[in-house]
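Thanks, everyone; I would like to take a few minutes to walk through one model. Please have the sequence and the coordinates open while I talk.

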Amino acid sequence: MLELRSLAIPDVKVIRTDRFSDARGYFCETFRRSAFAEKGILHDFVQDNQSSSDRIGTVRGLHFQRPPFAQAKLIRVLNGAILDVAVDLRRSSPNFGKHVAIRLDSESGEQLFIPKGFAHGFCTLQPKTVVLYKVDQVYAPSHDCGVYWADPALAIKWPVTTSEAQISPKDQTLPVLSQVACVFE
């Protein structure tokens, strides 16, 4: 069974699927197109991405792609735990510049659906965290963008400080939200 729950920004959804457990562990179906379509998620996911982060406090993001390569994402944690964050970049949205943050971990098996028009990022909460996410558009380096993860205007309560975070040189130089051109109407 597939359950959806909206977060404070209703277009961002937490997804839970049934897990069947026995002495060996568990089995679950994490994605079936028809079940997702019945719940209104009609995206054709075309690429899977996986990241592994060895250390607690690794920050990846906040990333997005400009149209026509904008991506909807379906995120889940295969091992470990993250604080997952989605920032609304849709200028016409009443939630523009606001964010939602949720803990995702391998124990709960919950997934997060983020539609196009959002910047996405996460911070690892456990060592050896592995994250898998599906996207509905291929990676296009020429359309790759981002927002600085620690932009004070976003008021995200990250579990690490800027001096503690493990972050790529590229992500350290991303612009703050006020410097990002209008990308999503």
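Leaving aside residues up to four places away in sequence, Thr58 touches Ser53, Phe122, Cys123, Thr124 and Gln166. I should say at once that this is a predicted model, and everything that follows should be heard with that in mind. Thr58 sits in the loop between strand 5, residues 47-53, and strand 6, residues 59-65. Is Thr58 buried or exposed? With a relative accessibility of 11%, Thr58 counts as buried, because the cut-off for that label is under 20%. Its side chain also reaches the backbone oxygen of Arg55, at a distance of 2.9 Å.

From that loop, let me move on to strand 6 and its sheet. Strand 6 belongs to an open sheet of five strands, in the order 9-8-11-6-13, and the pairing is antiparallel. The edges are formed by strand 9, residues 99-105, and strand 13, residues 144-146, each of which pairs on one side only. On average, and ignoring direction, neighbouring strands of this sheet are turned by 30° against each other. If we look at strand 6 and strand 13 in particular, they pair in the antiparallel sense over three bridges, and within strand 13 it is Cys145 that stands opposite Phe64.

Now to strand 10, which covers residues 111-114. Which way do its residues point? Gln111 and Phe113 point one way, Leu112 and Ile114 point the other way, and all of them are buried. As for partners, strand 2, residues 13-17, pairs with strand 10 in the antiparallel sense over three bridges, while strand 7, residues 73-79, runs antiparallel to strand 10 and is joined to it by four bridges. Leu112 appears in both pairings: Leu112 is the bridge partner of Val14, and Leu112 also has Ile75 standing opposite.

Finally, just after strand 10, we come to Pro115, which lies in the loop between strand 10 and strand 11, residues 118-124. Pro115 has a relative accessibility of 12% and therefore counts as buried. Its contacts, again not counting residues up to four places away in sequence, are with Asp11, Val12, Gln71 and Ala72. To relate this loop to where I began, consider Arg55, whose backbone oxygen is reached by the Thr58 side chain: Pro115 and Arg55 are 60 residues apart along the chain, and their C-alpha atoms are separated by 28 Å.

I will stop there and take questions.

Methods. Residues numbered from 1 in each chain as written. Predicted model: local features only at pLDDT ≥ 70, side-chain atom pairs only at ≥ 80, totals over all residues. Heavy atoms only, no water. Helix = DSSP H or I, 4+ residues; strand = E, 2+ residues; numbered from the N terminus. Buried < 20%, exposed > 50% of the residue type's maximum accessible area, 1.4 Å probe, protein only. Polar contact = N/O pair within 3.5 Å; in protein donor to acceptor, adjacent residues only side chain to side chain. Contact = heavy atoms within 4.5 Å. Pairing = 2+ DSSP bridges. Axes fitted to C-alpha atoms, helices over the stretch in contact; angles between N-to-C directions.
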